[in-house]
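Good morning, and thank you for coming. I should like to present one protein chain today, beginning with its overall build and then turning to some of its charged side chains.

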Amino acid sequence: RLDPKLKEIVKAASVEGEAFTAEVVAEVRNLDARQVVGALSGDLARRHHLVEAGGVRQVGDRRVSRYWFSHGLFQRYLYETLDPVERVYLHEAIGNALEALYRGRTEEIATRLARHFEEAGSLAKAVRYRQEAGDAAARIYAAPEAVAQYSRAVQLARQIDASGDELTVL
């Protein structure tokens with residue numbers, strides 16, 4: 001029952017996860033961020049009760065508007081309606097948009113970035129962000145998390161090596 005434009009917004013949001021960023025969705029869908037915030041806070045929240053506003057924060061000089069799906073089932077349903085090819089492209093676009101939004105501060109969201117690039121098949125980037133997440137966990141003495149991140153980075157690096165693709169670990 002959703003307007004096609006609203007449906008495209010929530011489908012892209014579903015790829016980012018149960019919690020998502022309006023500015024990232026705007027970037028992925030080539031829309032103005034104010035339009036996306038208006039749609040999310042307007043029809044999608046008030047009329048359809050699909051999403052809720054989570055708040056706004058500054059990341060460097062950029063505004064980050066967080067929302068979440070009212071229920072995890074909405075997010076999962078929308079995600080499952082995407083075909084596998086569309087999912088790959090959206091994960092890559094979301095990863096790139098998050099990377100740009102958090103430029104210089106990617107450590108804050110390294111695990112999220114790794115997941116999106118892994119789902120997109122961009123394994124070299126996924127390895128890089130798994131390493132970054134492992135480093136961040138090690139710095140705060142979260143050894144089990146650090147080991148999990150480094151282990152996954154090694155698994156992905158082996159996949160790259162087995163496929164013959166070039167791997168550059170930063």
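What follows is a short description of this predicted model, from the whole chain down to single pairs of residues.

Let me begin with the fold. The protein chain contains 8 helices and 3 strands. Read from the N terminus, the order of these elements is α-β-α-α-β-β-α-α-α-α-α.

Next, the dimensions. Along the principal axes, the C-alpha atoms occupy a box of roughly 50 × 35 × 25 Å. How does the radius of gyration fit with a compact globule? For 170 residues, such a globule would have a value near 15 Å, and the protein chain has 17 Å, which agrees.

We may also ask what share of the residues is buried. Of the 170 residues, 43% count as buried. The accessible surface amounts to about 9400 Å², and 51% of that belongs to carbon and sulfur atoms. As for contacts between residues at least 6 apart in sequence, 56% of them join residues at least 24 apart.

I now turn to charge. The protein chain carries 24 positive and 25 negative charges, and the mean positions of the two groups lie 5 Å apart. Across the whole structure, a search finds 13 salt bridges. I shall discuss three pairs.

The first pair on my list is E16 and R112, whose side chains form a salt bridge with an N to O distance of 2.8 Å. E16 belongs to helix 1 (residues 4–16) and R112 to helix 6 (residues 110–120), so this pair ties together parts that are 96 residues apart in sequence. E16 is buried, with a relative accessible area of 4%, whereas R112 is partly exposed at 26%. These two residues also belong to a network of salt bridges that links E16, R66 and R112.

The next pair is E99 and R128, with their closest N and O atoms 3.8 Å apart in a salt bridge. This pair, too, links distant parts of the chain: E99 sits in helix 5 (residues 84–101) and R128 in helix 7 (residues 123–139), 29 residues apart. E99 is buried, at 12% relative accessible area, while R128 is partly exposed, at 27%.

Lastly, E80 and R87 meet in a salt bridge at 3.6 Å, N to O. Which partner is buried, and which is exposed? E80 counts as exposed because its relative accessibility is 53%, above the 50% cut-off. R87 is buried because its relative accessible area is 19%, under the 20% limit.

Thank you for your attention.

Definitions and conventions
Residues are numbered from 1 along each chain as its sequence is written. This is a predicted model: local features need pLDDT of at least 70, side-chain atom pairs count only at pLDDT 80 or more; totals for chains, interfaces and linings use all residues. Side-chain values use heavy atoms; hydrogens and water are left out. Helices (H or I, at least four residues) and strands (E, at least two) are DSSP runs, numbered from the N terminus. The radius of gyration is taken over C-alpha atoms; the globule rule is 2.2 Å times the number of residues to the power 0.38. Buried means under 20% relative accessible area, exposed over 50%, partly exposed in between (1.4 Å probe, protein chains only). Contact means heavy atoms within 4.5 Å. Accessible areas come from the Shrake-Rupley method with a 1.4 Å probe; for residues, only the protein chains shown count as cover. Lys and Arg count as positive and Asp and Glu as negative; His and the chain ends are not counted. The place of a charge is taken as NZ of Lys, CZ of Arg, CG of Asp or CD of Glu. A salt bridge is a side-chain nitrogen of Lys or Arg within 4 Å of a carboxyl oxygen of Asp or Glu.
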